[in-house]
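Visitor: Hi, I have a structure open here and I'm not sure where to begin. Could you walk me through it?

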Amino acid sequence: MARKEGRAVSIGLLGNAAAILPQIVRSGFVPDVVTDQTSAHDPLYGYWPIAKEDEDLTAQRSREPERYLERVRADIALHVQAILELQRRGAICFDYGNNLRAQAKIAGVNDAFDYPGFVPAFIRDSFCEGRGPFRWVALSGDPADIAATDAALLKLFPDDARLNQWLPWAGEHVAYQGLPARICWLGYRERDKAGLLFNQMVRDGRLKAPIVIGRDHLDAGSVASPYRETEAMLDGSDAVSDWALLNFATGIASGAGWMSFHHGGGVGMGYSQHAGLVAVADGSEEADQRLRLCLTNDPAMGVIRHADAGYEKAHRIAAERGLDRPGVQSADVVSADGVGAK
């Protein structure tokens with residue numbers, strides 16, 4: 001009824017997707033959108049098979065892990081086959097990148113990858129701008145510092161409609177866990193402006209303490225993740241790790257406060273390589289230089305990575321925002337004054 005009336009409602013259902021989705025198929029109902037957020041990167045502990053009444057699945061997992069995995073993969077196959085059928089019936093279907101499709105293929109679903117991951121389906125254009133999750137934390141512990149940064153970003157980027165919708169909503173509805181923090185999406189030649197603004201706010205006392213700036217693994221230029229961030233790259237370079245390593249080295253050379261290199265952890269565990277970046281706005285002049293460099297060069301690597309793969313939008317963004325100016329080559333990074341530097 002809600003769908004027919006165009007009303008948005010939220011319904012929580014406790015059940016197993018491997019059982020529920022085939023039931024939805026049999027019912028004839030076709031949802032508008034179907035996805036998952038299944039921890040299938042670790043099928044032994046991240047996916048529950050369909051349990052029999054009063055069955056102790058934990059006991060079987062301990063006593064018979066191989067038999068348990070057989071059941072998991074069989075049910076993952078049912079789960080993915082139902083998604084594929086809903087896609088054939090008109091639903092928009094996409095994978096979150098937690099290896100559900102890969103496990104289904106192991107189980108014999110040869111067309112498991114016939115529905116896309118969410119990055120090639122929806123996010124790649126943003127990656128061509130070096131755009132992705134941009135995070136910051138108020139070391140003062142005072143939520144008022146996050147409120148002040150929210151207000152400052154709204155003034156800094158008045159034409160960003162999504163940002164101007166998100167930040168006021170987040171300020172009103174998103175609760176803090178631990179130190180107050182915020183996340184939004186910013187791209188190349190936006191992150192450096194935000195970082196320098198935060199540093200100035202610390203310097204002149206508008207913020208009570210330094211701001212720590214980071215980002216997500218869901219990133220344009222710091223990751224090789226063939227089932228998620230770099231799935232279905234235009235040039236077939238889905239699993240090429242050179243870009244993640246180059247981003248790692250670039251962040252170090254650019255003065256980041258912390259660079260890490262790891263296999264992704266969580267949903268990417270064992271299936272990806274990531275370079276992580278953290279910078280600190282402490283109000284100092286040195287921080288100005290570090291923030292200008294690392295928050296320019298880090299998203300720039302995303303633009304360069306996608307331009308190298310042949311995405312026209314990345315070439316256009318590079319030309320519009322300064323990467324294609326004389327003296328800047330495709331493998332260069334941008335120095336503090338915007339001039340190419342090897």
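Guide: Let us begin with the outside: the accessible surface of the chain comes to about 16600 Å², and 54% of that surface belongs to carbon and sulfur atoms. Please keep in mind that this is a predicted model.

Visitor: Okay, and how many helices and strands are there in the chain?

Guide: The chain has 13 helices and ten strands. Its radius of gyration is 22 Å, close to the 20 Å that the globule rule gives for 342 residues, so the chain is as compact as a globular protein of that length. Along its principal axes, the C-alpha trace spans about 65 × 45 × 45 Å.

Visitor: What share of the residues is buried?

Guide: Buried residues account for 48% of the 342 residues in the chain. If you take the contacts between residues at least 6 apart in sequence, 68% of them join residues at least 24 apart.

Visitor: Let's zoom in. Where is Arg215, and is it buried or exposed?

Guide: Arg215 is found in strand β5, which covers residues 211–215. Its relative accessible area is 9%, and because buried means under 20%, Arg215 counts as buried.

Visitor: Which side chains make polar contacts with the side chain of Arg215?

Guide: Asn247 is one of them, with a polar contact of 3.3 Å between the two side chains, and the side chain of Asp298 is another, at 2.7 Å. Leaving aside neighbours within four places in sequence, Arg215 is in contact with several residues, including Pro133, Arg191 and Leu277.

Visitor: New topic: which helix holds Asp288, and is this residue buried or exposed?

Guide: Asp288 sits in helix α12, which runs over residues 285–308, and with 15% relative accessibility it counts as buried.

Visitor: And what does Asp288 touch further along the chain?

Guide: Once its neighbours within four places in sequence are left aside, Asp288 is in contact with Leu196, Asn199 and Arg203. The side chain of Asp288 makes a polar contact with the side chain of Asn199 at 2.8 Å, and also one with the side chain of Arg203 at 2.6 Å.

Visitor: How far is Asp288 from Glu229?

Guide: Their C-alpha atoms are separated by 30 Å, and the two residues are 59 residues apart along the chain.

Visitor: Last one: which residues form a nonpolar patch on the surface?

Guide: Val33, Ile92 and Phe122 form such a patch, and together they have about 280 Å² of accessible area. Val33 belongs to strand β1, residues 33–34, and is partly exposed, with a relative accessible area of 46%.

Key. Residues numbered from 1 in each chain as written. Predicted model: local features only at pLDDT ≥ 70, side-chain atom pairs only at ≥ 80, totals over all residues. Heavy atoms only, no water. Patch = residues over 30% accessible without salt bridge, like charges linked within 9 Å, V, L, I, M, F, W, Y side chains within 5 Å. Areas by Shrake-Rupley, 256 points an atom, 1.4 Å probe, with all protein chains shown as cover. Salt bridge = Lys/Arg side-chain N within 4 Å of Asp/Glu carboxyl O. Helix = DSSP H or I, 4+ residues; strand = E, 2+ residues; numbered from the N terminus. Buried < 20%, exposed > 50% of the residue type's maximum accessible area, 1.4 Å probe, protein only. Polar contact = N/O pair within 3.5 Å; in protein donor to acceptor, adjacent residues only side chain to side chain. Contact = heavy atoms within 4.5 Å. Rg over C-alpha atoms; globule rule 2.2 N^0.38 Å.
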